[in-house]
Amino acid sequence: MRTWPTGRIGFGGDYNPEQWPSAVWREDIELMRRAKVSFVSVGIFSWSALEPRQGDFEPGWLDEVMDLLGDAGISVDLATATAAPPMWLAAAHPEIAVVDVDGHRLSQGSRQNWCPSSTTFTAYATSLTRRMAQHYHDHPALAMWHVSNEYGCHNTPCYCEACAAGFRAWLQQRYGDLGALNGAWGTSFWSQRYHQWEHIAPPRRTPTFGNPGQLLDYRRYQSDALLAQYLAEREVLREVSPGVPVTTNFMTMTHFRHLDYFRWAPTQDVVSTDHYVVDALPDPRAELAFCADLTRGVAGGRPWMLMEHSTSAVNWQPVNRAKDPGQTIRDSLTHVGRGADVLGFFQWRASRAGAEKYHSGMVPHAGPDSALFDEVCRLGELTTRLGPLVGSSVDAQVAILWDYEAQWGLMGPALPSALVQYGDLAVRMHRALAARQVTCAVVHPLSDLSAYRLILVPTLYLVSDAAVANLTATADAGADVLVSYFSGIVDHSDHIRLGGYPGAFRDLLGVRTEEFRPLRDGEQVRLTGGLLDGRAGRIWSEVCAATTADVLVEYADGPLLGKAALTRREVSGSARWYLSTDLDDDALAALLAEVTDAAGVVPVVPGAPAGLDVVRRRGDQGSFLVAVNHSDEARELVATGHDLVTDTAVVGSLTVPGGGVAVVREG
Ligand code: GAL
């Protein structure tokens, strides 16, 4: 087995040498050494440079690059190079291009313009993968295979005829007969009943709302079709290049909603992901921390690779803001604290031409004589000192449930309120807890929840019977549970669970809601009682009554006067809370403080000051506090041990400078 280099946190990024004359490659190697780069991902978009004409494999230039990297001791995460089909393939097989919801075939001239269901694409991609694997398997620099790139970033959903046929085959497998499909899709509604398989099509543009079951299954199908494309390449790698780990970079970001990464993760030798800070979010760093915990959840708690993030600005947001000095190190350490053992960037050298020429790199347009490259070098040097963390796991007493199928359900047509977006409440809960130095795991509803004292269930709209049973068993074993509004509403087929909301969790929580009363943007409803007395609900409210729960907080206004806003059902030591409205950040923080205290959840470092993000990793080489100071002022961290960042002893407490970071090996 080829092993990924250990003894340090991996450090590097995407390297696209074909964009530069070979003289620059030597300078690249020299600068990579200076920055203490340990790995690069090579060849991701190199198909047309490696196979300029069909069947002509011309890897000479890449041989030279691989040799240079190998000689410099830099490991290569080598791409199968299949992410962007070359022009000759597009010309020979125009049918592999993606078709949009209106039936327009997308043109060549960008990237990833290949249909998820295209077997023609599979044939060409696996053929190149085979050539790559045969040619490079024995190269000493090869450390990992990087299959394609960010599956589904641009090429799903596709609505072409190949997808239509693939969808029908997938449905036949899933349902067996049309009766079952008609039942699952609720086709008695609007005369949608199918009597022949060939009448089923992708959910293309319709005059008004499409069938929600069809839409949901199409998302499932597209995710599975792309997974099959990945598996086809992986199969070739396993055969021709055994013993070399295989990965493909996920996009576990809250705005990417196309793939069910919980289904994909078991097919990875190591989970890798990309994360880019979205500046327009209310708190971009809260989303970053959430996504890092989500990636760990997707990876089943094991360490993971951050394959890409940015040293500074990206090129694809309306306004592409540069990162402030120190921000790249803070972002990187936020990922490391939450389980990343590798830090990668897109890309090594900022491009001179092409659609990403304004995207930052590790070497900016200004060259190595720049503050940005200095920071890259500082980070690279730091990663060499963080070796003891590698392989360690992250302590968490709280789990937040996350499910891509619930997300897809909440993206379905014609729901009660567009103001309820999957993920918003999850990120806000996570943020409120991180501010109290409480670490969360973000995990699938079917995962083993036994390690957690408290399970948070934010807007888990769609939930399977098995997931309900798992949560119930966890609560029965003693964990506390907090479920929010608009959870447990529909089953796996997106059918309402009848008898009162939240159907799946009515018994667990001891509540019953007769009607939703979503609120207009900006509208509020006053609350009375307990810890939310005098506060307000927003976005959502419900005609909710307790059946077996205690009502802690009531609505104090209008038609909901006296109805339950917050309830708690206590069953042999386990508290089951239900929140039937949405709260502002302040009230949410107050509620979560109460709920975590009641569950006996303790902060990573009790009494750590606001603005200091602290997470603990624990492994064979001890336990480590990873602290990131998001504020401008110095913050005290109570700790004893050795700070790996400054290489100094820590006795009792440590001052983390404003905007600084610390990694304390405890003991
Ligand atoms: C990722 C992609 C990279 C680059 C980057 C820019 O989606 O994998 O190739 O395009 O975004 O932020």
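Helices (H or I, at least four residues) and strands (E, at least two) are DSSP runs, numbered from the N terminus. Residues are numbered from 1 along each chain as its sequence is written, and side-chain values use heavy atoms, with hydrogens and water left out. What you see is a predicted model, where local features need pLDDT of at least 70 and side-chain atom pairs count only at pLDDT 80 or more, while totals for chains, interfaces and linings use all residues.

Let's start with two unusual peptide bonds. Phe346 and Gln347 are joined by a cis peptide bond, with omega about -5°. Gln347 sits in the loop between strand S9 (340-345) and helix H12 (371-384). The bond from Thr156 to Pro157 is also cis, with omega near -5°, and Pro157 belongs to the loop between strand S4 (142-146) and H6.

Follow that loop into helix H6 (residues 161-175), and you will find Arg168. Is Arg168 buried or exposed? Arg168 is buried (buried means under 20% relative accessible area, exposed over 50%, partly exposed in between, with a 1.4 Å probe and protein chains only). Arg168 has no salt bridge, that is, no side-chain nitrogen of Lys or Arg within 4 Å of a carboxyl oxygen of Asp or Glu. The nearest side chain of opposite charge, Glu161, is 4.6 Å away; here Lys and Arg count as positive and Asp and Glu as negative, while His and the chain ends are not counted. Leaving aside residues up to four places away in sequence, Arg168 touches Trp197, Glu198 and Ile200, where contact means heavy atoms within 4.5 Å.

Next comes a sheet. Strands of a sheet pair through backbone hydrogen bonds, either parallel or antiparallel. This open sheet has 6 strands in the order S10-S22-S23-S28-S25-S26, with antiparallel pairing; two strands pair if DSSP finds at least two bridges between them. Strands S10 (393-394) and S26 (648-650) stand at the edges with a single partner strand each, so one side of each has no neighbour in the sheet. S10 is joined to strand S22 (residues 612-619) by 2 bridges, and Ser393 has Arg618 in S22 as its bridge partner.

Finally, look at two residues with positive phi. Trp190 has a phi of about 55° although it is not a glycine; Trp190 lies in the loop between helix H7 (178-185) and helix H8 (212-240) and is partly exposed, at 48% relative accessible area. Asp647, also not a glycine, has a positive phi of about 55°. Asp647 is in the loop between strand S25 (641-643) and S26 and is exposed, at 53%.
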